[in-house]
Amino acid sequence: MFLDTRELRMSYQTVFDVTERGYEYPFLPLVALLFVGLGIAWWRLLHRSPAWPQGAKNRIVPGVMLWFGAFVISVFSATGFLQHERLRSRLRAGDYVLVEGLVVDFRAGSPEQHVAEQFRVDGHFYSYSDYIVTPGFHRTRSRGGPLREGRWVRIADIDGEIARLEIATEATR
């Protein structure tokens, strides 16, 4: 049976909207700060305690920890935050592709094997995982995600990322 979707009016429930969410990964700078703190503490112990061993390892490792922590803070945290803000501003400005249709070729992700969840809607391919940091929609089925084969959805797509996800609740003529 052929379903003419042009005659249907869908009601949608928004399940994800990046403009209504804050930056989800504040722990990244905290982990990096831990490295910075450990590097500083190690360096201070090395230079204040004459009993502390003065080998090459104790001169190099604190510096590496300090620079690694600073690198993570400056690059990864800033980049993630900027990606989040870019997605939010483009969605607010209406700079996205509206993709609407049935979820097909759905493959649920596997948290045990770090396999990404994948599906298609109207020829657009989407893939996301619990283990990839992204500001777009990324809640897999194993973590209570709402997507499954055959669901009618509407997606605000920005460069392949899901900035807003709406799921049809009913269809009327």
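**Exercise 1. Place Glu 166 in this predicted model: which residues is Glu 166 in contact with, leaving aside neighbours within four places in sequence?**

Step 1. List the contacts. Glu 166 meets Tyr 12, Gln 13 and Thr 14, and also Trp 152, Val 153 and Arg 154, once neighbours within four places in sequence are set aside.

Step 2. Locate the residue. Glu 166 lies in strand S6, residues 161–172.

Step 3. Decide whether Glu 166 is buried or exposed. The relative accessible area of Glu 166 is 11%. The cut-off for buried is under 20%. Glu 166 is therefore buried.

Step 4. Find a side-chain partner. The side chains of Glu 166 and Arg 154 share a polar contact of 2.8 Å.

**Exercise 2. Describe the largest nonpolar core: which of its 21 residues touch the most other members?**

Step 1. Name them. They are Phe 119, Leu 147, Val 153, Ile 155, Ile 162 and Leu 165.

Step 2. Trace the elements. At least two residues of this core come from each of helix H2 (56–92) and strands S2 (97–107), S3 (117–121), S4 (124–128), S5 (152–158) and S6.

Step 3. Follow one member. Not counting residues up to four places away in sequence, Ile 162 touches Phe 16, Phe 119, Tyr 126, Tyr 128, Gly 136, Phe 137, Ile 155 and Ala 156.

**Exercise 3. Work out the pairing of S3 and S4: parallel or antiparallel, and over how many bridges?**

Step 1. Read the sense. S3 and S4 run antiparallel, paired over 5 bridges.

Step 2. Fix the register. Val 121 sits opposite His 124 of S4.

Step 3. Inspect the turn. The S3 and S4 hairpin has 2 residues between its strands, and Asp 122 adopts a positive phi near 50 degrees.

Conventions: Residues are numbered from 1 along each chain as its sequence is written. This is a predicted model: local features need pLDDT of at least 70, side-chain atom pairs count only at pLDDT 80 or more; totals for chains, interfaces and linings use all residues. Side-chain values use heavy atoms; hydrogens and water are left out. Helices (H or I, at least four residues) and strands (E, at least two) are DSSP runs, numbered from the N terminus. Buried means under 20% relative accessible area, exposed over 50%, partly exposed in between (1.4 Å probe, protein chains only). A polar contact is a pair of N or O atoms within 3.5 Å; within protein, one must be able to donate a hydrogen and the other to accept it, and residues adjacent in sequence count only if both atoms are side-chain atoms. Contact means heavy atoms within 4.5 Å. A nonpolar core is a set of buried Ala, Val, Leu, Ile, Met, Phe, Trp, Tyr and Cys residues joined through side-chain atoms within 4.5 Å. Two strands pair if DSSP finds at least two bridges between them.
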